[in-house]
Amino acid sequence: QVQLVESGGGLVQAGGSLRLSCAASGHTFSIYAMGWCRQAPGKERECIAAISWRGGRTVYADSVKDRFTISRDNAKNTVYLQMNSLKPEDTAVYYCAADESRLTLRTSRYAYWGQGTQVTVSS
């Protein structure tokens with residue numbers, strides 16, 4: 001139904017910035033909100049930011065508030081995650097996800113997932 005492809009991951013020094021992109025294709029009309037989630041080594045996957053497709057309303061996890069910004073380009077069916085003031089604790093595989101019903105940071109609510117892109121922050 002929906003395919004998601006992330007890009008933009010890489011290696012960055014602490015305090016640096018990185019911007020991730022996620023391109024959606026397929027039946028994108030069914031998407032209500034898009035989110036960014038991450039999984040660090042030895043930890044469970046957590047969603048850190050989400051945005052509603054139509055209204056552009058956002059929600060963030062406390063761990064990334066005031067540092068990360070989620071945005072979208074409806075014409076390109078693309079969502080972005082601008083990450084500033086990166087910390088070593090941000091090191092994780094970052095996943096793009098799509099939800100059909102609501103804005104949420106609950107991983108169990110997302111119906112579609114991308115393949116993930118590695119973000120490594122060195123100290």
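The following exchange goes through a predicted model, taking up its sheet, its salt bridges, its cores and a few single residues.

Colleague: In what order do the four strands of the open sheet stand?

Modeller: The model holds an open sheet of four strands, and the pairing within this sheet is antiparallel. Strand 1 (2–7) and strand 7 (68–73) each have a single partner strand, so they stand at the edges and one side of each is left without a neighbour in the sheet. Neighbouring strands are turned by 20 degrees against each other on average, direction ignored. Read across the sheet, the order is 1-3-8-7.

Colleague: Which residue of strand 8 is the bridge partner of arginine 72?

Modeller: Strand 7 and strand 8 (residues 78–83) run antiparallel, and six bridges join them. Within this pairing, the partner of arginine 72 in strand 8 is valine 79.

Colleague: Glutamate 46 and arginine 38 meet in a salt bridge; which of these two residues is buried?

Modeller: The side chains of the two residues come together with an N to O distance of 3.2 Å. Glutamate 46 has a relative accessible area of 33% and is therefore partly exposed, whereas the value of 6% for its partner lies under the 20% limit for a buried residue. The buried residue is arginine 38.

Colleague: How many residues apart in sequence are the parts that aspartate 90 and arginine 38 tie together?

Modeller: Aspartate 90 forms a salt bridge with arginine 38, and the closest N and O atoms are 2.9 Å apart. Aspartate 90 lies in the loop between strand 8 and strand 9 (92–99), and arginine 38 lies in strand 4 (residues 33–39), so the pair ties together parts whose separation in sequence is 52 residues.

Colleague: Which residues are linked in a network of salt bridges?

Modeller: The structure holds four salt bridges, and one of them joins aspartate 90 to arginine 67, with the closest N and O atoms 2.8 Å apart. This pair links distant parts of the chain, since arginine 67 is in the loop between strand 6 (58–60) and strand 7, 23 residues from aspartate 90 in the loop between strand 8 and strand 9. Aspartate 90 and arginine 67 are both buried. The network is made up of Arg38, Glu46, Arg67 and Asp90.

Colleague: How many residues does the largest nonpolar core have?

Modeller: The residues with the most contacts inside this core are Leu4, Met34, Trp36, Ile48, Leu81, Met83 and Tyr94. Elements that give two or more residues to the core include strand 1, strand 3 (18–26), strand 5 (46–52) and strand 11 (117–122). Tyrosine 94, leaving aside its neighbours within four places in sequence, is in contact with residues among which are Glu6, Trp36, Phe68, Leu81 and Val119. The size of the largest nonpolar core is 31 residues.

Colleague: What is the relative accessibility of cysteine 37?

Modeller: Cysteine 37 lies in strand 4, and it is included, with Cys47, Ala97 and Tyr110, in a second, separate core of five residues. Its C-alpha atom is separated by 7.3 Å from that of alanine 97, although the two are 60 residues apart along the chain. Not counting residues up to four places away in sequence, cysteine 37 touches several residues, including Glu46, Tyr95, Ala97 and Trp113. Cysteine 37 counts as buried because its relative accessibility is 0%.

Colleague: Is serine 63 buried, partly exposed or exposed?

Modeller: Serine 63 has its place in the loop between strand 6 and strand 7, and, not counting residues up to four places away in sequence, it touches Arg38 and Ile48. The C-alpha atoms of serine 63 and isoleucine 48 are separated by 7.7 Å, with their positions 15 residues apart along the chain. Because its relative accessibility is 37%, serine 63 counts as partly exposed.

Colleague: Which residue offers the backbone nitrogen that the side chain of threonine 104 reaches?

Modeller: Threonine 104 lies in the loop between strand 9 and strand 10 (112–113), and it counts as buried because its relative accessibility is 8%. Leaving aside its neighbours within four places in sequence, threonine 104 is in contact with Ala50, Asp99, Arg109 and Tyr110. The backbone nitrogen that its side chain reaches, at 3.0 Å, is that of arginine 106.

Notes: Residues are numbered from 1 along each chain as its sequence is written. This is a predicted model: local features need pLDDT of at least 70, side-chain atom pairs count only at pLDDT 80 or more; totals for chains, interfaces and linings use all residues. Side-chain values use heavy atoms; hydrogens and water are left out. Two strands pair if DSSP finds at least two bridges between them. Axes are lines fitted to C-alpha atoms, for helices over the stretch in contact, and angles run from 0 to 180 degrees between N-to-C directions. Buried means under 20% relative accessible area, exposed over 50%, partly exposed in between (1.4 Å probe, protein chains only). A nonpolar core is a set of buried Ala, Val, Leu, Ile, Met, Phe, Trp, Tyr and Cys residues joined through side-chain atoms within 4.5 Å. Contact means heavy atoms within 4.5 Å. A polar contact is a pair of N or O atoms within 3.5 Å; within protein, one must be able to donate a hydrogen and the other to accept it, and residues adjacent in sequence count only if both atoms are side-chain atoms.
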